[in-house]
Amino acid sequence: MSKRRRLIVGNWKMYGRLTSGLVLARDLAEMAQKHKPLDFDMVICPPATLTWAISEAIAGAPLMLGAQDCHTATHGAYTGDLSAAQFADLGCRYIILGHSERRSAHGETNEIVAQKIEAAQLAGLTAILCVGETAEQLASGTTADIIANQVRASLPEKCRMANLVVAYEPIWAIGSGQQPSPSDVVAVNKVIRKALGEAGETMQILYGGSVSPVNAGNIMAEPEVDGVLVGSASINADGFWAIAEKSR
Ligand code: PGA
């Protein structure tokens with residue numbers, strides 16, 4: 001068992017409409033309520049359109065709310081964007097930043113991710129920084145260098161380490177059904193801890209990429225892994241809860 005508290009995060013991506021999202025959130029809130037006190041933390045990150053409704057629906061349950069992205073600024077003339085402060089207003093405590101889908105589809109560089117982390121922490125949110133290598137980088141044996149560099153370059157100068165979680169998400173493992181071995185995850189987590197410096201030992205480092213109720217136990221059997229960031233398997237209440245139970 002990890003000496004750090006485990007964190008189970010659901011990234012709903014662009015899935016869920018008002019009715020289905022509320023049903024899913026209420027089901028999870030009910031399960032969490034029934035099992036409290038929990039010996040892990042659980043966070044759901046629904047699409048921004050559902051944040052407020054879900055915030056109200058899960059109020060009082062041991063289930064926290066997160067966002068999936070934010071702008072680098074607190075406010076301004078940025079049509080269509082949302083700020084970290086706006087998510088904090090709605091009850092969010094966490095925010096996923098630098099997800100590979102944002103890095104690739106929205107051109108987010110490490111520098112932009114660092115600015116977003118700074119904005120998120122200023123708003124009082126804990127940032128979940130995602131890092132991961134491509135299949136080509138894995139094949140060329142450069143994973144450790146790539147990850148260490150991504151971590152260092154994605155941190156703002158005045159990063160509050162107490163409000164930062166890192167998720168190792170190999171890009172080739174996201175939505176693919178493929179995964180690194182638990183020992184490979186452990187090796188990369190150690191690289192991440194080292195890149196984080198002194199605070200590294202106390203920080204939560206998650207694994208993400210095709211996590212399911214079937215494989216979550218193997219991954220979290222490693223004390224080095226402080227939890228999981230779950231995509232597709234997080235939009236099913238029973239499945240997501242089953243994953244969380246594997247953190248024990
Ligand atoms: P997946 O997604 O669990 O569907 O692979 C993980 C993620 O993108 O965070």
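Does Ser55 count as buried or exposed, and what is its relative accessibility? Ser55 counts as buried, because its relative accessibility is 15% and the cut-off for buried is under 20%. This is a predicted model, and Ser55 is one place to enter it. The residue is found in helix 2, which covers residues 51-57. Set aside the neighbours within four places in sequence, and Ser55 is in contact with Leu65, Leu90 and Gly91.

Now step back to the whole chain. The protein chain has ten helices and eight strands. Its C-alpha atoms fill a box of roughly 45 × 45 × 30 Å, taken along the principal axes. A compact globule of 248 residues would have a radius of gyration near 18 Å. The protein chain has 17 Å, so the value agrees with that of a compact globule.

Contacts and burial add to the picture. Take the contacts in the protein chain with a separation of 6 or more: residues 24 or more positions apart account for 73% of them. Of the 248 residues, 52% count as buried. The protein chain exposes about 11,300 Å². Carbon and sulfur atoms supply 52% of that area.

Next come the charges. The protein chain has 21 positive and 25 negative charges. The mean positions of the two sets are 4 Å apart.

Turn to helix 7, residues 143-154, where Ile147 is found. Ile147 is buried, because its relative accessible area is 0%. What does Ile147 touch, leaving aside its neighbours within four places in sequence? Ile147 is in contact with Val131, Gly132, Glu133, Tyr168, Val188 and Ile192. Ser83 offers a distance to set beside these contacts. Ile147 and Ser83 are 64 residues apart in sequence. In space they are 27 Å apart, C-alpha to C-alpha.

The cysteines come next. A disulfide is a covalent bond between the sulfur atoms of two cysteines. How many disulfides does the structure hold? The structure holds zero. Cys45 is in no disulfide, and the nearest cysteine sulfur, that of Cys92, is 7.6 Å away. A disulfide needs a pair of cysteine sulfur atoms within 2.5 Å, so 7.6 Å does not qualify. Cys45 counts as buried, because its relative accessibility is 0%. Cys130 is a second case. The closest cysteine sulfur to that of Cys130 is in Cys45, 9.4 Å away, which is too far for a bond. Cys130 also counts as buried, because its relative accessibility is 3%.

Finally, follow the backbone through three loops. Lys13 is found in the loop between strand 1 (6-11) and helix 1. Phi of Lys13 is near 50°, a positive value in a residue other than glycine. Beyond helix 1 (18-34), another loop leads to strand 2 (40-45), and Pro37 lies in that loop. The peptide bond from Lys36 to Pro37 is cis. Its omega is near 0°. Further along the chain, Ser210 has its place in the loop between strand 7 (205-208) and helix 9 (216-220). Phi of Ser210 is near 55°. That value too is positive, in a residue other than glycine.

Note on methods. Residues numbered from 1 in each chain as written. Predicted model: local features only at pLDDT ≥ 70, side-chain atom pairs only at ≥ 80, totals over all residues. Heavy atoms only, no water. Helix = DSSP H or I, 4+ residues; strand = E, 2+ residues; numbered from the N terminus. Rg over C-alpha atoms; globule rule 2.2 N^0.38 Å. Buried < 20%, exposed > 50% of the residue type's maximum accessible area, 1.4 Å probe, protein only. Contact = heavy atoms within 4.5 Å. Areas by Shrake-Rupley, 256 points an atom, 1.4 Å probe, with all protein chains shown as cover. Lys, Arg positive; Asp, Glu negative; His and termini not counted. Charge placed at Lys NZ, Arg CZ, Asp CG, Glu CD.
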